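This briefing introduces the structure shown below to a reader who is new to it. It opens with one turn and then proceeds by topic.

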Amino acid sequence: MHVCVLGGGVVGVTTAYFLAREGHRVTVVEQHPEAGVETSFANGGQLSYSYVAPLAGPSALHHLPAWLLSKTAPLLFRPRLSLAQWTWCMQFLRHCTTDRSRQTTVEMLLLGAYSKAVMNDVMLDEGIDFAHSKSGKLVVYRDPVEFEGAKRQMEFQAKFGAEQSALDAKACVLAEPALYAVGDKLAGGILTPSEDAGDCYLFTRELGRVAKEKYGVDFLFNNRVHGLIREGGKVVAVRTDSGDVNADLYVLALGNGSSELAADLGIRLPMYPLKGYSLTVPVEEAHQAPALSVTDLHHKIVYAKLGQHLRIAGMVDMTPTDSHVDAARIELLRSQAAATMPNAGDYSGAQVWTGARPATPDSKPLLGKTNLSNLHLNTGHGALGFTLACASAKLVADTLCGRSPALDLAPYQLAGRNVRRDYRKLGSPNLALN
Ligand SMILES: Cc1cc2nc3c(=O)[nH]c(=O)nc-3n(C[C@H](O)[C@H](O)[C@H](O)COP(=O)(O)OP(=O)(O)OC[C@H]3O[C@@H](n4cnc5c(N)ncnc54)[C@H](O)[C@@H]3O)c2cc1C
């Protein structure tokens, strides 16, 4: 079977890898000269398998007015005359109920746990080097009310296999001494020892190399996809810069490029790009970089040590999405990080990056079939694309190969994803959390 994977980010490359490993002929079409250089390039680097609660939840509703009014809030909203933007916002608000957020949390925990297991297999099988560490993760809270909410969330997640513990402020600084400067500002933290970190770009590049050299994947770089050609109920070709590519099956993994191409086929994907920023800060011996991955929930900033660098990422901007780096937002990220971890690295030597999370309103990726018989989705991973890439790719590849996937794809499919399910019966994901 010939499968054409559209998009060479972390999601497209992992999909190509699993399909080629099964013996299929695979072609990846990517507009850039190499894999992993768009949203997968300099993201937060956290493999956040257990910290998967959706952005849409009762606490987001609570914070929204303050976020919208403050210039130093982690969320920036610039309203546009855009149906896509307003539709996305309305859908987001609809998902902010406790019940929906709990169901989504369990569905995402299942995906996260499976992703960890699949990622571990990939690392064992291929031995790729991507600055991976079994760092563990500490999420710190500055607001006592928010910390109480986080403890309730922890208790809820424990029923579904997540192993986490709550620490008071002093214990947070003991667990992660790089937080010494803000010890007196913390209400507490949630520690998840099973979380990992790694460089998403290196992972994508190296897995792409393995996919090509070991399993024969054909990468068509410098090729923009201009459209999919449809005949009847199926796709017959992909129109690219270097001509049409014909395949038996097609996987749409274009990140933020997915919705426009899908819309041309009459398929509406509930996705919107949420812009963020990162700093990659050099770390030398004299510095005190965090050994744990850290998330500072108040500022919504994540920290992960990747080899000799500290990756600091944050900001959720619903603004025009281009590669423009907003100097004020970067300065805010830099100053908040430097106040939180003053000696974590050489902030003056930081490399600056911006990218946009391909986000769905409920935070769940879009996986599996569409109403065109041979077009499948693997997109919409939002803030967790690196974390969930292995699970999504394996599930989609297994479906395409006619095998039963390890998880039911229904909660992540375009059709039926909003169906209420009894999340208590969705099963325990603890198969992979250690
Ligand atoms: C600031 C920030 C921090 C983040 N932190 C984390 C984190 O800590 N952990 C985590 O798990 N996730 C994180 N994420 C999310 C993660 O980076 C994304 O979910 C993930 O990279 C999405 O991967 P993708 O392959 O779907 O998209 P991409 O990496 O964008 O890949 C899509 C590819 O399709 C190509 N493409 C698009 N349109 C076309 C076209 N028409 N023709 C040809 N090619 C096309 C693009 O060039 C691109 O290479 C973060 C994101 C941001 C912005």
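**A hairpin and its surroundings**

E10 and E11 form a hairpin with 2 residues between them, and Gly232 in the turn has a positive phi of about 60°. Helices (H or I, at least four residues) and strands (E, at least two) are DSSP runs, numbered from the N terminus. The model is predicted, so local features need pLDDT of at least 70 and side-chain atom pairs count only at pLDDT 80 or more, while totals for chains, interfaces and linings use all residues. Residues are numbered from 1 along each chain as its sequence is written, and side-chain values use heavy atoms, with hydrogens and water left out.

**Hairpin strands**

- Strand E10 (residues 225-231) runs antiparallel to strand E11 (residues 234-240), and 6 bridges join them; two strands pair if DSSP finds at least two bridges between them.
- Within this pair, Arg230 stands opposite Val235 in E11.
- A further hairpin links E11 to E12 through 2 residues.
- E11 and strand E12 (residues 243-245) are antiparallel and joined by 3 bridges, with Arg239 opposite Asp244 in E12.

**The six-stranded sheet**

- An open sheet of 6 strands follows the order E9-E2-E1-E13-E20-E19, with mixed pairing.
- Its edge strands, each pairing on one side only, are E9 (218-220) and E19 (366-369).
- Strand E1 (residues 2-6) pairs with strand E13 (residues 249-252) in the parallel sense over 4 bridges, and Cys4 stands opposite Tyr250 in E13.
- H10 packs on the sheet, touching E1, E13, E19 and strand E20 (375-379); contact means heavy atoms within 4.5 Å.
- The direction of H10 makes about 170° with that of E20; axes are lines fitted to C-alpha atoms, for helices over the stretch in contact, and angles run from 0 to 180 degrees between N-to-C directions.

**Two crossing helices**

- The axes of helix H4 (residues 98-126) and helix H10 (residues 385-400) come within 7 Å and cross at roughly 85°.
- That makes H4 roughly perpendicular to H10, a term covering angles of 65 to 115 degrees.
- Residues of H4 including Met108, Leu111 and Val122 take part in the contact with H10, whose participants include Phe386, Leu395 and Asp398.

**Around the ligand**

- The ligand is surrounded by 33 residues, each with a heavy atom within 4 Å of it; the closest are Glu30, Ser40, Val225, Gly382 and Thr387.
- A backbone N or O atom of Gly382 lies 2.7 Å from an oxygen atom of the ligand.
- A backbone N or O atom of Gln46 lies 2.8 Å from a nitrogen atom of the ligand.

Notes. Parallel < 35°, antiparallel > 145°, perpendicular 65-115°, else oblique. Polar contact = N/O pair within 3.5 Å; in protein donor to acceptor, adjacent residues only side chain to side chain.
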